[in-house]
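Here are a few exercises to work through with the model open in your viewer. Try each task before you read its solution.

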Amino acid sequence: MSDAKSDPRDLYQQVILEHNKKPRNFGTLQPCSHHAHGLNPLCGDDIEVTLNLEDGRVADIKFQGSGCAISQASSSLMTVNVKGKTVEEAEAMASQFRQMIRGELEPSADPNILGKLSLFQGVKDLPSRVKCAVLPWATLQSAFKGEDVTSTE
Ligand code: ZN
C-alpha cells in the first residue's frame, strides 16, 4: 500500500475491475441464519446477502445480484473482510467504511482495520457512487438486525 511507484488510483481501478470480473463468495447460502436484500434505486444496484452466524461470528457469507462495478466489487470485498469476524467487528468495519467514504476517516489512521477496503476512499470524491460502495455494508447491517430489505433511499 505504501509502494511509491504505484498510483493508488491505478490500484483502485485494478482491484475494482478484478473483483467485478471475479467476485468472491458469489452465490446464496442455503440454509442461512441471516439474509437481507439491498437496493440502490439511483444506480440500479440490487444485491442479496446471505450469511450464517455461529457463536456470534460470521461463519460463512455470500452475496449475489447485479449492479455497477463499484457495488459488485464492494460486495465482494465486504464478504472477504467480514468472513470469520464477530458481529461487533463487522459492525465496526461497516461504520468505519461509511466514515471513510464520507471523508471523515483517514484510512492511514488505522490501516489494520480497513486494509484493502481503504482503496474505496477515492469514492468520496464521486458523490453519485457513494451509495454503490456503501450498499453491501448497509445490507449486511440489515441482515444482522433481521431486516429483510434495505434501500439506500
Ligand atoms: Zn452502482
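Buried means under 20% relative accessible area, exposed over 50%, and partly exposed in between (1.4 Å probe, protein chains only). This is a predicted model, so local features need pLDDT of at least 70 and side-chain atom pairs count only at pLDDT 80 or more, while totals for chains, interfaces and linings use all residues. Residues are numbered from 1 along each chain as its sequence is written, and side-chain values use heavy atoms, with hydrogens and water left out.

**Exercise 1.** Work out whether Thr79 is buried or exposed, and what it is in contact with.

Solution. Start with the accessible area: Thr79 comes out at 0% relative accessibility, so call it buried. Next, place it: Thr79 sits in helix α2, residues 69-82. (Helices are DSSP runs of H or I with at least four residues, strands are runs of E with at least two, and both are numbered from the N terminus.) Now list its contacts, meaning heavy atoms within 4.5 Å. If you skip neighbours within four places in sequence, Thr79 touches Arg24, Asn25, Ile61, Lys62 and Phe63.

**Exercise 2.** Find the aromatic pairs and classify the one between Phe26 and Phe63.

Solution. Set the criteria: rings of Phe, Tyr and Trp (its six-membered ring) pair if their centres lie within 6.5 Å; planes under 30 degrees apart are stacked, over 60 edge-to-face, and the rest tilted. With that, the structure has 4 aromatic pairs. For Phe26 and Phe63, the ring centres are 5.2 Å apart and the planes make 85°, so this is an edge-to-face pair. Then check the sequence: Phe26 is in the loop between α1 (8-21) and β1 (34-40), Phe63 is in strand β3 (residues 57-66), and the two are 37 residues apart. Phe26 is partly exposed at 40% relative accessibility, whereas Phe63 is buried at 0%.

**Exercise 3.** Do the same for Phe97 and Phe120, then look for a cluster.

Solution. The centres of Phe97 and Phe120 are 5.7 Å apart with planes at 65°, so this pair is edge-to-face. Phe97 belongs to helix α3 (residues 87-101) and Phe120 to the loop between α4 (111-114) and α5 (130-145), so the pair ties together parts 23 residues apart in sequence. Phe97 is buried at 0%, and Phe120 is buried at 1%. Follow the ring pairs and you get a cluster of Tyr12, Phe97, Phe120 and Trp137.

**Exercise 4.** Which order do the strands take in the open sheet, and which helices pack on the sheet?

Solution. Two strands pair if DSSP finds at least two bridges between them. The open sheet of 4 strands then reads β3-β2-β1-β4, with mixed pairing. Its edge strands are β3 and β4 (149-151), each pairing on one side only. Zoom in on β1 and strand β2 (residues 45-54): they're antiparallel over 7 bridges. In β2, Val49 is the bridge partner of Ala36. Finally, add the helices: α2 packs on the sheet and touches β2 and β3, while α5 packs on the sheet and touches β1, β2, β3 and β4.

**Exercise 5.** Describe how α3 and α5 pack.

Solution. Axes are lines fitted to C-alpha atoms, for helices over the stretch in contact, and angles run from 0 to 180 degrees between N-to-C directions. The axes of α3 and α5 are 10 Å apart, at an angle of about 155°. Angles under 35 degrees count as roughly parallel, over 145 as roughly antiparallel, 65 to 115 as roughly perpendicular and the rest as oblique. The two helices α3 and α5 are therefore roughly antiparallel. For residues, Phe97 is among those in α3 that meet a set in α5 including Trp137.
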